[in-house]
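Colleague: I have a model open on my screen and would like to learn how to read it. Could you take me through a few features?

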Amino acid sequence: MTSDLTVNQETAAAPPVRHWPALDLTGVDFDPVLSELMREGPINRIQLPNGEGWAWLVTRYDDVRLVTNDPRFSRAKVLGRQVTRLAPHFIPAPGAMSFVDKPDHARLRRAVNAAFTSRGVERLRANAQRTLDTMVDEMLRDGPPADLIDRVLAPFPMTVICELMGVPADDRQTLHTWTQSILSSSKGAQASERAKRDMEVYFAKLIAERRGATGEDVTSLLGAAVGRGDITEEEAVALAGPIQIGGEAVTNNTGQMLYILLTRPALFDRLRDEPALRPQALDELLRYIPHRNAVGLSRIATEDVVLHGVRIRKDDPIYVSYLAANRDPDVFPDPDRIDFDRAANPHVAFGHGPHYCVGGMLARLESELMVNTLLDRIPTLRLSVSADEVPWRRGALIRGPEALPVTW
């Protein structure tokens with residue numbers, strides 16, 4: 001399979017602009033609008049609830065990989081543009097790693113890479129397991145029923161990312177509150193922007209205190225990088241916030257995974273009884289779950305490019321859908337079925353190209369620990385309500401259950 005990403009003369013008319021409303025989807029149902037767009041063709045034009053105008057959208061696996069790895073599509077050019085988007089409060093921050101192109105992107109990533117290498121992540125494993133075991137101990141001691149989100153799936157990722165960031169224990173609940181405001185559109189743009197500013201002020205102070213630090217946590221690495229002159233104070237703050245926020249997305253992703261296992265007992269039983277299958281099964285769940293609502297961050301074309309015979313003009317915004325790419329039938333046969341025996345699974349749940357999620361390895365570790373621990377320690381775990389009574393987050397950018405009531 002090849003993708004026609006060329007500068008040749010276009011041969012097809014531009015598709016119509018499709019309005020994509022903000023949907024509060026429940027369960028792990030795939031977005032019906034995205035399904036329609038995928039059926040209509042490999043390249044679409046969309047208009048989201050906020051921002052201005054329309055943007056291109058690509059959904060095929062090979063096209064997503066090409067666009068995300070092609071320097072002709074720039075993240076930096078998004079700055080100053082009110083590109084159509086899902087979030088009402090989204091304002092790109094200058095210096096944020098998500099909005100920088102090569103070579104600056106590599107320079108910024110180097111400042112924090114040490115925390116996200118295999119060694120950097122693995123050094124957290126033992127303490128993370130102890131923390132998780134304590135949370136499960138307390139839940140078991142208190143007895144059923146329990147809210148798995150409240151007792152484990154929310155506090156555990158928050159604790160791990162705060163440890164990695166170097167956030168003192170007394171400040172962690174405050175960081176969690178800010179993160180929830182930033183990731184929600186339900187409280188309005190002003191509340192989200194206020195939380196974003198508060199978080200920036202907090203990290204600016206913490207990083208300033210750690211200039212010349214030798215620690216392995218992220219804020220110490222950033223403080224040392226500022227002290228060496230590798231990055232600016234503004235860049236350090238712009239790096240810290242998204243890493244902190246992204247660290248809590250694990251709550252939603254793992255919440256969806258556990259929801260699937262708890263509503264499909266045959267899958268739960270198989271993973272409980274076949275521990276060796278779990279790494280492969282977790283990859284399949286990562287491929288399958290709808291991580292977010294709509295699409296994430298856009299890019300801007302820096303020159304005219306023809307894709308599948310359609311001309312994308314210079315300065316046009318373009319989105320990719322990783323969710324759609326993970327359901328491409330040319331890459332994943334029978335893509336709407338969860339198949340734990342799917343051996344070849346090159347999913348793009350953590351993105352692709354230079355902007356591949358810096359915390360992908362950490363997210364894998366956390367999901368692995370939570371799923372393994374719950375399966376092994378509570379083999380009779382099950383929902384305490386019917387599947388359609390599980391509440392889901394509303395007005396959220398990242399999809400996930402609001403609560404996961406369980407018993408055992």
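Modeller: Happy to! Let's begin with one pair of residues: leucine 57 has tyrosine 319 in strand 10 as its bridge partner. Keep in mind that this is a predicted model.

Colleague: How many bridges join strand 4 to strand 10, and do the strands run parallel or antiparallel?

Modeller: There are 3 bridges between strand 4 and strand 10 (residues 317–320), and the two run parallel. On the other hand, strand 3 and strand 4 are joined by 4 bridges and run antiparallel. Leucine 57 turns up here too, as the bridge partner of asparagine 44.

Colleague: Which strands form the sheet, and in what order?

Modeller: It is an open sheet of 6 strands, in the order 2-3-4-10-7-5, and its pairing is mixed. Strand 2 and strand 5 are the edge strands, each pairing on one side only. At one edge, strand 2 (residues 17–19) runs parallel to strand 3, with 3 bridges joining them. One residue pair to look for there is valine 17 with arginine 45. At the other edge, strand 5 and strand 7 are antiparallel and joined by 2 bridges. Phenylalanine 73 stands opposite alanine 301 in strand 7.

Colleague: How do I read the two faces of a strand?

Modeller: The general idea is that side chains in a regular strand alternate between the two faces of the sheet. Strand 4 (residues 55–58) is a good case: Ala55 and Leu57 are on one side, Trp56 and Val58 on the other, and all are buried. Both faces of strand 4 are therefore covered, with buried meaning under 20% relative accessible area.

Colleague: Why is strand 3 described as largely enclosed?

Modeller: Strand 3 (residues 43–47) is largely enclosed by the rest of the structure because 4 of its 5 residues are buried.

Colleague: What lies across this sheet?

Modeller: Helix 1 (residues 32–40) lies across strand 2, strand 3 and strand 4, and runs at about 165° to strand 2. Helix 2 lies across strand 4, strand 5, strand 7 and strand 10, at about 130° to strand 10.

Colleague: And which residues of helix 2 are buried?

Modeller: The general idea first: an α-helix has 3.6 residues a turn, so residues three or four places apart point the same way. In helix 2, the buried residues are Tyr61, Asp62, Asp63, Val64, Val67 and Thr68. Helix 2 (residues 61–68) is largely enclosed by the rest of the structure, because 6 of its 8 residues are buried. Those buried residues pack against several elements, including strand 8 (305–307) and helix 15 (322–325).

Colleague: Where else can I practise reading a sheet?

Modeller: Try the open sheet of 3 strands, whose order is 6-12-11 and whose pairing is antiparallel. Its edge strands are strand 6 (146–147) and strand 11 (382–383), each of which pairs on one side only. Strand 6 is joined to strand 12 (residues 405–407) by 2 bridges, and alanine 146 has valine 406 as its bridge partner.

Colleague: What about helix against helix: at what angle do helix 9 and helix 11 pack?

Modeller: Helix 9 (residues 189–209) and helix 11 (residues 233–247) pack at about 115°, and their axes are 9 Å apart. The crossing is right-handed. On the helix 9 side the contact residues are Met199, Glu200, Phe203, Ala204 and Ile207. They meet Ala236, Val237, Ala240, Gly241, Gln244 and Ile245 in helix 11. Sorted by character, the contact has 8 nonpolar residues, 2 polar and 1 charged.

Colleague: How many disulfides are there, and why is cysteine 357 not in one?

Modeller: The count is 0 disulfides. The cut-off to apply is a pair of cysteine sulfur atoms within 2.5 Å. The closest cysteine sulfur to that of cysteine 357 belongs to cysteine 162 and is 16 Å away, so it is too far for a bond. Cysteine 162 counts as buried because its relative accessibility is 0%, whereas cysteine 357, at 34%, counts as partly exposed.

Colleague: One last residue: what does glutamine 280 touch?

Modeller: Glutamine 280 is in helix 14 (residues 278–288). Leaving aside residues up to four places away in sequence, glutamine 280 touches Phe340, Asp341, Arg342 and Ala343. Its C-alpha atom is 9.4 Å from that of alanine 344, although the two residues are 64 residues apart along the chain. With 30% relative accessibility, glutamine 280 counts as partly exposed.

Conventions:
Residues numbered from 1 in each chain as written. Predicted model: local features only at pLDDT ≥ 70, side-chain atom pairs only at ≥ 80, totals over all residues. Heavy atoms only, no water. Axes fitted to C-alpha atoms, helices over the stretch in contact; angles between N-to-C directions. Left-handed = near helix turned anticlockwise from the far one by under 90°. Contact = heavy atoms within 4.5 Å. Nonpolar A, V, L, I, M, F, W, Y, C, P; charged D, E, K, R; others polar. Buried < 20%, exposed > 50% of the residue type's maximum accessible area, 1.4 Å probe, protein only. Pairing = 2+ DSSP bridges.
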